[in-house]
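Me: I am new to this structure. Please take a close look at one part of it, and explain what is there and what is not, step by step. A connected account would help more than a list.

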Amino acid sequence: MNVQGARAVAYEVLRAVSGDEAYANLLLPHAITRQKLDAKDAGLATELTYGTLRRRGTYDAIIAAAADRTVDRIDPAVLDALRLGVHQLLSTRVASHAAVNESVELARRHGGGRGAAGFANAVLRRVSRDNPGQWMQTISAAARSDDERLGLTTSHPVWIVRALRRALTAEGRADELDGLLEADNVAPRVAMIALPGLAEVPEDATPTKYAPTAFTTRGGDPEGLIRSSGGTIRVQDEGSQLAALALSRALPVREGERWLDLCAGPGGKTALLAAEALAHGATLDANEIAPARAGLVRQAVASVPLEVEVSEEDGRERAARMPGEYDRILVDAPCTGIGALRRRPEARWRKTPADVPDLTALQQELVLAAFEALKPGGVVAYVTCSPHLAETSGVLAEVKRALGDAVEELDARAVVREIAEIEIDLPDQADGSLRAQLWPHRHGTDAMSIALLRRR
């Protein structure tokens with residue numbers, strides 16, 4: 001087993017995430033291929049990378065206590081080596097001496113030589129003297145509030161802890177917070193999609209609970225299945241599938257309808273909408289402002305025999321120049337992303353509360369622009385991969401206030417229940433809205449918010 005190669009890959013990705021704001025899910029597969037890791041070593045590299053990213057907040061508190069200095073005073077290259085070492089010491093079965101020695105070598109090689117190595121050695125040996133439970137007691141005792149204690153022990157920034165609590169409280173489920181925070185730190189099952197009308201769920205696969213297009217496999221690398229299907233089978237979170245299906249199945253489709261995916265990158269929902277449009281005689285356009293992500297959208301829809309024009313514009317401008325043209329529009333808006341922390345753990349360290357006002361203003365503008373591009377009777381699906389109330393209930397309330405009698409909110413919960421064909425726990429929202437809120441701990445999906453707005 002090439003443990004050293006797996007560690008090298010994990011460290012490379014951690015450095016890119018910390019230093020260059022790279023995305024682990026995009027970088028890790030390329031790093032694994034470049035190192036020529038086999039399936040077992042690739043699995044170890046994946047666990048080391050994502051495990052370290054998920055628990056970074058907890059590990060930073062432990063490192064600070066062991067080093068007797070705040071982590072912002074530690075060289076970034078050395079800090080990432082320490083994070084990787086602490087993860088191995090406290091959360092894996094890797095032998096302690098190997099975890100220490102290899103992490104010290106990473107610090108020496110990338111962090112400035114013998115001085116960095118000596119510092120890393122001292123910190124990691126101090127960490128290795130206590131077990132995980134003892135370290136949790138140490139960092140808990142240093143917390144200045146109950147929320148900070150919860151944030152440190154579950155590796156969530158305090159503002160995210162509070163935002164998630166408020167969102168659960170809006171459903172009368174504040175007692176589920178611990179379960180949600182725990183779910184954020186568990187590697188999610190790999191959900192896959194069989195594009196409707198183009199692929200079937202494999203016989204040896206296990207259908208998931210809610211989306212008729214979703215399934216899981218028995219494990220292993222899904223790449224072979226994806227390649228053999230020509231792209232009509234791919235990886236996609238079940239919540240993401242439900243969000244797209246909520247738009248395509250909210251109302252019966254009339255042949256000749258025009259659909260638009262306004263913020264389409266990276267294209268997973270676009271491909272599902274394309275398959276649905278193809279099956280019902282509708283057409284689909286897509287838009288993505290970032291050229292690189294627009295390229296991913298084109299790749300995603302390439303397996304669907306439907307011509308999908310992908311424009312590269314600001315979504316507000318794209319919608320504004322097509323007033324009254326579309327029957328269905330998906331606004332999968334840019335958001336904090338705190339509903340997908342299982343799969344994109346670095347997101348919890350990238351955003352701050354200061355980002356929320358600009359994001360909600362953009363979301364509101366996108367939804368209002370999309371609404372103007374609807375035909376009478378047309379539907380906008382406003383979707384965020386965030387349960388933050390400012391990004392869900394807040395934006396929805398502002399949009400409905402601005403549109404007045406022109407808008408009718410459809411019951412997204414009823415639509416999702418009809419898609420699932422089984423009971424799905426979607427409580428009422430305190431604000432009286434009819435949006436559907438999915439959760440990792442309750443549904444096994446990303447925390448997608450789905451609202452459906454119809455133009456009268």
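**Cysteines without a bond, and a buried aspartate**

Reply: The sulfur of Cys385 has its closest cysteine sulfur in Cys335, 5.7 Å away, which is too far for a bond. These values come from a predicted model. A disulfide needs two cysteine sulfur atoms within 2.5 Å, so the 5.7 Å between Cys385 and Cys335 does not qualify. A search of the whole structure gives zero disulfides. Cys335 is accordingly in no disulfide, and the cysteine sulfur nearest to its own is that of Cys385.

Buried or exposed, how does Cys385 count? Cys385 counts as buried, because its relative accessibility is 9% and the cut-off for buried is under 20%. Cys335 has a relative accessibility of 17%, so Cys335 also counts as buried.

Another residue to look at is Asp237. Where does Asp237 lie? Asp237 is in the loop that runs between strand E4 (233-235) and helix H13 (238-248). Despite the loop position, Asp237 is buried, because its relative accessible area is 9%.

The side chain of Asp237 has polar contacts with backbone nitrogens. One is the backbone nitrogen of Gly239, reached at 2.8 Å. Another is the backbone nitrogen of Asp446, reached at 3.1 Å. Leaving aside residues up to four places away in sequence, Asp237 touches Ala191, Arg342, Arg343, Thr445 and Asp446. Asp446 therefore appears twice for Asp237: as a residue that Asp237 touches, and as the owner of a backbone nitrogen that the Asp237 side chain reaches.

Key:
Residues numbered from 1 in each chain as written. Predicted model: local features only at pLDDT ≥ 70, side-chain atom pairs only at ≥ 80, totals over all residues. Heavy atoms only, no water. Buried < 20%, exposed > 50% of the residue type's maximum accessible area, 1.4 Å probe, protein only. Helix = DSSP H or I, 4+ residues; strand = E, 2+ residues; numbered from the N terminus. Polar contact = N/O pair within 3.5 Å; in protein donor to acceptor, adjacent residues only side chain to side chain. Contact = heavy atoms within 4.5 Å.
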